[in-house]
Amino acid sequence: MPLESGRAFRVNKAHKSVALAAAAALFSVSPLFAADKANYQDHVLPVFRNSCLNCHNADKKKAGLDLSSYQSALAGSNNGPVVNAGDADNSLLYKVVAHLEDPAMPPKKDKLPDKELEIIKSWIAGGALETANGKPVVSSKPKMDLTVAASGAKKPEGPPPMPRDLLLEPVVRAGRPWAVSCLASNPWAPVVAAGTQHQVLLYNAGTLDLLGVVPFPDGEPQVVQFSRNGKMLLVGGGIAGKSGKVTLWDVTAGQKLTDVGEEFDSVLAADISPDQSFVALGGPTKVLKMYSTRDGSLQHAIKKHTDWVTAIVYSADGVLLASADRAGGLWVWEAKSGHEFYNLAGHKAGVTSVAFRDDSNVLASASEDGTVKLWDMPSGKEVKTFQAHGGGVLSIAFTHDGRLVTCGRDKVTKTWKPDGTPDKTFEAFTDIALHAVYSDDGKRVIAGDWTGEMRVWDAADAKLVGKLSSNPAPLAERLDAAGKRAVELQAAADKAAAALAQAKAAADKATQEQQAAQAAVPVAKKAVETAQAQFATSDAALQAAKSALQSSTAAMPEKQAAVARATKARDEAATAKANAAKEEQPLKDAVVAKQKASDEAAQAAATAKAESEKQADNQQLATTATEKKAAAEKAAQELDAAKTAAQAKADQIKSLAEVMTKSEGELAKSNEAVNAAKQAIADQTVAADKAAAQRKTSEDALAKAKTDATAAEKAVPPKVEVAKAAQTQFAAAKAAADAAGAQLSAAKLEVARLQVGQFYLTVYAAKQELAARQSEQDKLAAAAAAAQADLDKASAAVASAQKLQSEAPARQKAQEDALAKTREMLATANTASGTAQTILAQRQALLPQAAELAQKISAESQKAAEDKTLADAAAKAKATADALTADIEATKQLAAAKAQAVKDAMTAVAGTEAALAKEKTDTAALPKKIESLQQLAATAAAEVPKRKSAADESAKAVAAAKAKADQLITEYQKKTQEAGLTPAATPGKT
């Protein structure tokens, strides 16, 4: 057995050597795909010929796509490029043939084999080369970053995002108004967007002026939406059953930003996420798709809907995305991941419109079943249903404070309170009301119907404010009408200004007279007050004079009596004094006498006392002394009394003298007082007469002042009435003049705006011309590069063919050597296969004998069960038979392998023979091929300077077109500034 195993190993090794040799021979003569870069000419075109060109050729061009040439394949379909060079996963061509996106291609067939899919994918990923020596194509999807910080329902900072630098000339002017296919209101500016034929019209919701026209040349717009910050406008639509896309515009800069989506049917619903990083769209394909705005790549394709996708909206916070379909399906998705969040079942017919409330907590859905449903997003529960429009609701929208506006097949537009109770019903249209929205401030409602009529109502009282045109007149007509209106308004403004001047003069005069009359009243009142004060003063003075005169006259008798009394007192004092003077002398004499007597008595007493003292025991002397002493004391007393009486009389005389002096003084005073009183009475009599005269004068002045004041007060009301009437006339004239002036200013501004808009047509044409010339220049540059590449390719092919020709003998010798080796390998393989077959036949011949022997020994062993030797022999015989059986199976496999090795060797021989024959054929054809390639190279060499010259000329034309466009843009900016309009775009930004 070991020996046989060794033989099997050597045979297998020989078989592998034959296979490797055959593979080496094949490798030496056949180019492998892996060794070359995938290119259109060598690899992709054969796939297209096999599976695609029946529908997508130069004659048929289904969906506008021709894959029969490299240039037409890169040009794409009616909906734009289908190849995004460098990014196969986001190339529509690869996605549809790989059945990653609808419509799957080829239609109603299995997808292409993996090998062919890998060829297409490698070709796109490698830069979509035309040939092996071609250059990669620059990606057709420019990367841009449109993302902003999502602010939810919060008003963005800065001025309102008003449109500017847009066309004012309608792209299409139809014979009749066009149905309002879509309608949207800017959340933060008085701007309404209405979709009509191949264009979106932007109107000012306040002034109702046409602000601009956004072209949509890719078909009919079916959906318009403003971004959450109001600066971007999304337009979606296309050609039914053929193509569809979404276009994004920066309306504040008047620039188209990018296209999103490459649909094979019209886009019916779309919205842009609050952070502007995604666009969600849908339509008849029933697929909800989410694209990145950065590079247009498809991020999610959700196939839950069972019918056309009719409505899509993002929540204000960007967390959720709602989508609805024609079968009544309504889903809410996680906006970023695309994962299902809620399946909201409830509508009995197609859902036509959906809207999120600003807080993102409530979703409103409108349906053909006539109802509106409000859904609570935290719970996913239906919180309210109300019947809105008979026949079906076609549109629903929130305002910032939570109110709703709807319209429907009953031709009516309605508003609803935040709790879903009815608010206002507006006058019905003549046909189906298709769309309705609020203005940015919620004060107006704008709606449009099937006939193209668009109305603007006051949301508070449902009164019609005005109408918008879905088919505006050409710019020239509007400018002519605006000019005529400006002339009319100028005349009206001049007339109003003249009337204002006249009214102002009258008002000024009346006001001056009123002011004079009003000013006279306080003057007159002041004069009355002054006269009253003067009268009061003069009256008081008169009364005082009279009182003083009366007092003086009344006091005169008393003064005269005082004189009499003073005269009497003086006379009496003089008489008393004279009498007292007569009585005083005796008293003085008595004092002298008494003084003398006292002195003598005192002397006698002293003498008696001295005598007594001398004779102390002389009683007589003592008695005499005592008596003398008493007599002296009595004389002293009498002297004192006399002195007292004399002094009293002297005092009386003195007092009477003083009284007399005082009486004389009082008499003098009384006489003076009498004289003064007499003079005062005379003076007061004069003063009283004068005061009486002054009182009479002030009384007369007071009466006159009162009369004048009454007259002044009566004069004021008529002047006030006249002034009021004049002011009323002036106010009316001013209001009329202001209104006329405002209308004139607005008319002039409108004329200026339309004139600037008319000039912008030249700017727009210059931009279009520049774009066209740039596109042509790109094509010519590409053609020049292609011609150079053709020349390089042809030159390389000539060199390669010449090299092949020079190396042909060596290659042919190598092929002959390879053929000899493969034939030798075939002979060896035949020998090995024959040997394996011989061994197999031998083994198969021995197997019946071994089996029969084993059976016989086993039978004998069963007869003699106690014979151990026989039993061992039976077991060995059986083991030998089993081993032989196993060896036969191994030998069969070895024989089969050897037979396969023979086949492989035969294939290798056939391959090398074919390769040798091809090499001989190719070598024989090389001279002719070299001649042909040299002719191609010569043709290419002649073509290169022509194409380079054409590209250079085109570059000059591009430069001239750019200079012209830049000059026009600068002039446009100047005109815009001179007209007092919003500044234009930066010069040179074409």
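Here is a short chat about why some residues in this predicted model get the labels they do.

User: Before we start, what sort of model is this?

Analyst: It's a predicted one, where local features need pLDDT of at least 70, side-chain atom pairs count only at pLDDT 80 or more, and totals for chains, interfaces and linings use all residues. Residues are numbered from 1 along each chain as its sequence is written, and side-chain values use heavy atoms, with hydrogens and water left out.

User: Why is the D218 and K245 pair called a salt bridge?

Analyst: The term means a side-chain nitrogen of Lys or Arg within 4 Å of a carboxyl oxygen of Asp or Glu. D218 and K245 come to 3.7 Å, N to O, so the pair qualifies. The partners sit in distant parts of the chain, 27 residues apart: D218 in the loop between β4 (210–215) and β5 (220–226), K245 in strand β7 (residues 243–250). Helices (H or I, at least four residues) and strands (E, at least two) are DSSP runs, numbered from the N terminus.

User: What makes K245 buried?

Analyst: Buried means under 20% relative accessible area, exposed over 50%, and partly exposed in between (1.4 Å probe, protein chains only). K245 has 7%, so it counts as buried. D218 has 21%, so that one is partly exposed.

User: Which residues share a salt-bridge network with D218 and K245?

Analyst: K256 and D259 are linked with them. Across the whole structure, the search finds 45 salt bridges.

User: How do you know that D307 and R326 form a salt bridge?

Analyst: Their N to O distance is 3.0 Å, and the limit is 4 Å, so they pass. D307 is buried because its relative accessible area is 17%, while R326, at 42%, is partly exposed.

User: What about D872 and K868, buried or exposed?

Analyst: K868 is exposed because its value is 60%, and D872 is partly exposed because its value is 36%. They form a salt bridge too, with the closest N and O atoms 3.2 Å apart. Both lie in helix α8 (residues 868–978), 4 residues apart, about one turn of the helix.

User: Why is S91 called buried?

Analyst: Its relative accessible area is 1%, so S91 falls on the buried side of the cut-off. S91 lies in the loop between α3 (70–75) and α4 (92–97).

User: Which residues is S91 in contact with?

Analyst: Contact means heavy atoms within 4.5 Å. Leaving aside neighbours within four places in sequence, S91 is in contact with V82, V83, N84 and I124.
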